[in-house]
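Visitor: I should like to learn how to read a few features of a protein model. Could you guide me through some examples?

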Amino acid sequence: MSGNVPASTRTLRVLTFLATQPGPVPMERIAAAVGLPRSSTYHLLKAMIAEGFVVHLPEEKRYGLGVAAFEIGSAYLRHDPLERLARPLLAQLVTDVGQTAHLGVLHGRELVYLLKEQPPRPVTLVTDVGVRLPATLTASGRALLAALPAAQVRALFPAPESFVRRTDQGPQSLPQLRRLLTDERRQGFAVEDSHITPGVTSVASAALDHAGHPAAAISVSFRSESIPPPERALLARRVRQTADALTRRLGG
């Protein structure tokens, strides 16, 4: 890289490189990828850390995307392209399962609902378009968190104060959240039962973008007693199929 490349271009190249990595990486790899001397890379990363775009993991001597980078990505995804791609898929899902379906994205530690499709006789829910809820308590939020690198989850939830309690259910510490995300990542979908509204259950699965990052979550919500636990796996499979269809539409 020549010395006259603007700092803004160098910054964007660092962000682009980190966005393509499966997890945090050493400074030497960043410097080599963007063509900067080690000293220049250090100062650039220091400035990006101060603004929240990069997070430093001192124990591992690695760097990854910070919360601010994910917020910008979520802001982009909240615009029409994502909603237009997802709307027909959500409508078909509602027709198939007869339950309310949502599209949601992460915004920091919160899950923001972008779309809501309902059957003729919907369940009354607090999850309306534009509503924000703690990501750790929602199936959609946890489906997205399960697809993030562990270091990014740690950056989002660094302390017990980062966790919100709503109905005395759900994870209240990083170790609890990690165990839950590991189980949900293994099964391919997330489930929450009465974490947001007593008597209401949701299942969700994440859709990935072209870089393999979680772009949005597809979820279905229903009264807990209407679908017994043994039958929820079939519903979750249909949700997962819809999320996979959105992944393909996003180039994932």
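Guide: The following turns take up a helix, a strand residue and a pocket in this predicted model.

Visitor: What span should helix α3 have, at 1.5 Å a residue?

Guide: The 13 residues of α3 (residues 38-50) should span 18 Å, and the end C-alpha atoms are 18 Å apart, which agrees.

Visitor: Which residues of α3 are buried?

Guide: The buried residues of α3 are T41, L44, L45 and M48. They cover an arc of only 100 degrees around the axis, so they lie on the same side of α3. H43, K46 and A50, on the other side of the helix, are exposed.

Visitor: What covers the buried residues of α3?

Guide: The cover includes two helices, α1 (7-19) and α2 (27-34), and two strands, β1 (54-57) and β2 (62-65). Just after α3, G52 takes a positive phi of about 90 degrees.

Visitor: Is L114 buried or exposed?

Guide: A residue counts as buried under 20% relative accessible area. L114 has 7% relative accessibility and is therefore buried. L114 belongs to strand β4 (residues 110-117). Its C-alpha lies 8.3 Å from that of D128, although 14 residues separate the two in sequence.

Visitor: How is empty space found, and what lines the second largest pocket?

Guide: Rolling a probe the size of a water molecule over the atoms shows where empty space is left. The second largest pocket holds about 240 Å³ of space. Its lining has 14 residues, with A143, A147, G188, S205 and A206 nearest the centre. By type, the lining divides into 7 nonpolar, 3 polar and 4 charged residues. At least two lining residues come from each of α8 (174-187), β7 (200-208) and α9 (229-249).

Note on methods
Residues numbered from 1 in each chain as written. Predicted model: local features only at pLDDT ≥ 70, side-chain atom pairs only at ≥ 80, totals over all residues. Heavy atoms only, no water. 1 Å grid on protein atoms, 1.4 Å probe; cavity = no way out; pocket = protein on both sides within 12 Å on 5 of 7 lines; lining within 4 Å. Points joined across faces, edges and corners; volume = space filled by probe spheres on them. Helix = DSSP H or I, 4+ residues; strand = E, 2+ residues; numbered from the N terminus. Nonpolar A, V, L, I, M, F, W, Y, C, P; charged D, E, K, R; others polar. Buried < 20%, exposed > 50% of the residue type's maximum accessible area, 1.4 Å probe, protein only. Expected span 1.5 Å × (residues − 1). Arc of directions from axis to C-beta. Contact = heavy atoms within 4.5 Å.
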